[in-house]
Amino acid sequence: MFSERFYAVGRTFIGLQSFPVMILYLIIIGMSPLYQQLTKPCSLRRVMVIYNYFCSFCSACTLIGFITGCLSAKSVFLKDGNPILTKSFFLYWATKNLELLDTAFMILRHKRRQISFLHVYHHASMVLLTDFAYHYSPWAGIAFGLAINSFVHVCLYYYYGYTAQHPQGKPSWKPRITELQIIQFLIGLVHNTIGYLHHGFCIYSMFYGASMLYLFSSFYYNAFLRKKKVV
């Protein structure tokens, strides 16, 4: 029974419009070492300033849309949607495709050390999951977690845009961004667990949320806490 359901879900994801995009994304990452050997790093500071601020703006738009849609739905556990949520889910999906340029800029700038497993897993999975959500489940119950994620990305891409604009004066609140990401996954995991136990949510959302919580917590420990211990 479980294996049949897992197989059906797998077939659905393979049939998504974003599945070829994800495959191409992974191929480009795999070929990036060769590109780095044959080219010199590009300077994309101005492009990245505009790109990151634009991504922050897009996330602000999805945040407003998800909040408005959830208020109209009157429940953050409702497995139903409305026109506002449908439009917001589409923009959110489009934004996640746009954010694949994060990796492209890293490759062009020869910053392959930044292309970690967490980075690739997060971007590749979100392209598929947002495609699935828009076409099959643009519901208030899912929009709740995406609203929190949109808020985090407003802050995240504003930080990236600011640091690209002011490379010599990076703000000291970089750890706060990761803390926000960890908090969002904690809230999302609690929300999805309640949704699974009492509102018929899919169990896969719990597994994905737990994996992201673990990966971001590990990154936070290695990037900020372990450094302090060494010092």
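F201 is a good place to enter this predicted model, since with a relative accessible area of 12% the residue F201 is buried. The ring of F201 is paired with that of F77, the two centres lying 6.1 Å apart and the planes standing at 50° to each other, so the pair counts as tilted. What this pair joins are distant parts of the chain: F77 belongs to the loop between helix 3 and helix 4 (83–98), whereas F201 belongs to the loop between helix 8 (174–198) and helix 9 (204–230), and 124 residues separate them. The pair is one of 20 aromatic pairs that the structure holds.

A second pair, formed by F90 and W93, has its ring centres 6.0 Å apart and its planes at 80°, and because an angle over 60 degrees is counted as edge-to-face, that is the name this pair receives. Here the partners are neighbours within one element, for F90 and W93 both lie in helix 4, three residues apart, which is about one turn of the helix. Their surroundings can be told apart by accessibility: F90, with a relative accessible area of 43%, is partly exposed, while W93, with a relative accessible area of 9%, is buried.

Both F90 and W93 also take part in the packing of helix 4 against helix 6 (residues 117–136), and it is worth following that packing in detail. The axes of helix 4 and helix 6 come within 9 Å and cross at roughly 160°, and because angles over 145 degrees count as roughly antiparallel, helix 4 is described as roughly antiparallel to helix 6. The crossing of helix 4 past helix 6 is left-handed. From helix 4 the residues T86, F89, F90, Y92, W93, K96 and N97 are involved, and they meet M126, V127, T130, D131, A133, Y134 and H135 of helix 6. Sorted by character, the residues of this contact between helix 4 and helix 6 comprise eight nonpolar, four polar and two charged.

Helix 6 has a further partner in helix 2 (residues 19–38), and these two helices pack at an angle of about 160° with their axes 8 Å apart. That angle makes helix 2 roughly antiparallel to helix 6, although in this case the handedness of the crossing, as helix 2 passes helix 6, is right-handed. The residues that meet are F19, M22, Y25, L26 and I29 in helix 2 and H119, V120, H123, A124 and L128 in helix 6. This contact of helix 2 with helix 6 divides into eight nonpolar residues, two polar ones and no charged ones.

Another helix pair is made by helix 3 (residues 45–73) and helix 5 (residues 101–108), whose axes come within 12 Å and cross at roughly 165°. Helix 3 is therefore roughly antiparallel to helix 5, and helix 3 passes helix 5 in a left-handed crossing. In this contact V47, M48 and Y51 of helix 3 meet L101, D102 and F105 of helix 5, a set of residues made up of five nonpolar, no polar and one charged. Two of the participants lead on to another feature, for Y51 and F105 belong, together with Y157, Y159, Y160 and W173, to one aromatic cluster.

From that cluster the reader can step to P171, because Y159, a member of the cluster, is among the residues that P171 contacts when neighbours within four places in sequence are left aside, the others being Y162 and T163. P171 itself lies in the loop between helix 7 (140–165) and helix 8, and with a relative accessible area of 16% P171 is buried. For a sense of scale, the C-alpha atoms of P171 and R226, which stand 55 residues apart along the chain, are separated by 21 Å.

Two loop residues remain to be described, each with a backbone angle that deserves a look. K74, in the loop between helix 3 and helix 4, has a phi near 70°, which is a positive value in a residue other than glycine. H110, found in the loop between helix 5 and helix 6, likewise has a positive phi, of about 60°, although H110 is not a glycine. Is each of these residues buried or exposed? K74 is exposed, with a relative accessible area of 75%, whereas H110, at 17% relative accessibility, counts as buried.

Conventions: Residues are numbered from 1 along each chain as its sequence is written. This is a predicted model: local features need pLDDT of at least 70, side-chain atom pairs count only at pLDDT 80 or more; totals for chains, interfaces and linings use all residues. Side-chain values use heavy atoms; hydrogens and water are left out. Axes are lines fitted to C-alpha atoms, for helices over the stretch in contact, and angles run from 0 to 180 degrees between N-to-C directions. Helices (H or I, at least four residues) and strands (E, at least two) are DSSP runs, numbered from the N terminus. Angles under 35 degrees count as roughly parallel, over 145 as roughly antiparallel, 65 to 115 as roughly perpendicular and the rest as oblique. A crossing is left-handed if the near helix is turned anticlockwise from the far one by less than a right angle, and right-handed if clockwise. Contact means heavy atoms within 4.5 Å. Ala, Val, Leu, Ile, Met, Phe, Trp, Tyr, Cys and Pro count as nonpolar, Asp, Glu, Lys and Arg as charged, and the others, Gly among them, as polar. Rings of Phe, Tyr and Trp (its six-membered ring) pair if their centres lie within 6.5 Å; planes under 30 degrees apart count as stacked, over 60 as edge-to-face and the rest as tilted. Buried means under 20% relative accessible area, exposed over 50%, partly exposed in between (1.4 Å probe, protein chains only).
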